[in-house]
Amino acid sequence: MRKYSIEQETREWTAFKEGSYWVYELEGTKTTDSTYVVSYSEKEISGTDDGGNKCLAQQIDIKFAGSEGFLSTKVENVLPRGNSLKVLTYDKSSQPTSNIDMILLFPLSFVNQANAPYFSIISEEEILDLGSEQIKDVVHVKCTVKGLGGILANTKYENEYWIARNRWIVKMKVKNPENGNTETWKLKRYKVVQ
């Protein structure tokens, strides 16, 4: 039986363990919000590959908590040699608020092959200044989000994310599910445990 594993490159961009946290600041204000890893787990899922053969695929599940609720990420196998990152967000009462089918595709050399209506790469290599730190290797993506709750329930809209190796999301331009406004949040400080 074939086994598909999560590649090291994927782990560098997505696998954050307990003890990791991120503090973001809303653009044009002093308002901050934070998120931190609540749980991290890895497991093997049985299934079939593209050829119909039985296989085992490794999967990483991470739960993040924040002031508005929590989000769950799933890294899974989507191609014979690739992984994708999916995100599901929840409010404080554990009701789902949004779903992103793909926020990033690995290996990064596959990004030009991502020909899906719900995912696109805006830039493969950006540099972002965060105070005294300059972050390189930033991938800027646009994702279609399915609204599942709040004012954006039953709608589809686009969010943008700037994601960096060994840092996670360093900037995001997202719709607020409570009021529908588009907000830009930038990473202010962080600690990652991998």
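Which side chain meets that of Arg165 in a salt bridge? In this predicted model, the partner is Glu12, with an N to O distance of 2.3 Å. Arg165 belongs to the loop between strand 10 and strand 11, whereas Glu12 belongs to helix 1, so the pair ties together parts that are 153 residues apart in sequence. Both residues are partly exposed: Arg165 has a relative accessibility of 24%, and Glu12 has one of 21%.

The structure holds seven salt bridges, and another of them also involves helix 1. Glu42 pairs with Arg11, their closest N and O atoms lying 2.8 Å apart. Because Glu42 is in strand 3 (residues 32–48) and Arg11 is in helix 1 (residues 8–14), this pair ties together parts that are 31 residues apart in sequence. Glu42 is partly exposed at 34% relative accessibility, while Arg11 is buried, with a relative accessible area of 19%.

A further salt bridge joins Lys188 to Glu25, with 3.2 Å between the closest N and O atoms. Lys188 lies in strand 12 (residues 182–191) and Glu25 in strand 2 (residues 21–26), so parts that are 163 residues apart in sequence are tied together by the pair. Lys188 is partly exposed, its relative accessible area being 46%.

The description now turns to the pairing of strands. Strand 8 (residues 119–130) and strand 9 (residues 133–147) run antiparallel and are joined by eight bridges. These two strands form a hairpin with two residues between them, and Gly131 in the turn has a positive phi of about 65 degrees. Leu130 has Glu133 of strand 9 as its bridge partner. Strand 9 also pairs with strand 10 (residues 156–164), again in the antiparallel sense, over nine bridges. Within this second pairing, Val139 is matched with Ile163 of strand 10 as its bridge partner.

Ser123 offers a view of the packing around strand 8, where this residue is found. Apart from neighbours within four places in sequence, Ser123 is in contact with Val138, Val139 and His140. Ser123 is buried, because its relative accessible area of 19% falls under the 20% cut-off.

The remaining feature is the largest pocket, which has a volume of about 970 Å³. It is lined by 39 residues, of which Asp33, Glu68, Leu71, Thr89 and Pro177 are the closest to its centre. Strand 11 (residues 168–175) supplies the largest share of this lining, with five residues. By class, the lining comprises 19 nonpolar, 13 polar and seven charged residues.

How values were computed: Residues are numbered from 1 along each chain as its sequence is written. This is a predicted model: local features need pLDDT of at least 70, side-chain atom pairs count only at pLDDT 80 or more; totals for chains, interfaces and linings use all residues. Side-chain values use heavy atoms; hydrogens and water are left out. Two strands pair if DSSP finds at least two bridges between them. Helices (H or I, at least four residues) and strands (E, at least two) are DSSP runs, numbered from the N terminus. On a 1 Å grid over the protein atoms alone, a cavity is a set of points where a 1.4 Å probe fits but cannot get out, and a pocket is an open set with protein on both sides within 12 Å along at least five of seven lines; lining residues have an atom within 4 Å of a point. Grid points are joined across faces, edges and corners, and a volume is the space filled by probe spheres set on the points. Ala, Val, Leu, Ile, Met, Phe, Trp, Tyr, Cys and Pro count as nonpolar, Asp, Glu, Lys and Arg as charged, and the others, Gly among them, as polar. Buried means under 20% relative accessible area, exposed over 50%, partly exposed in between (1.4 Å probe, protein chains only). Contact means heavy atoms within 4.5 Å. A salt bridge is a side-chain nitrogen of Lys or Arg within 4 Å of a carboxyl oxygen of Asp or Glu.
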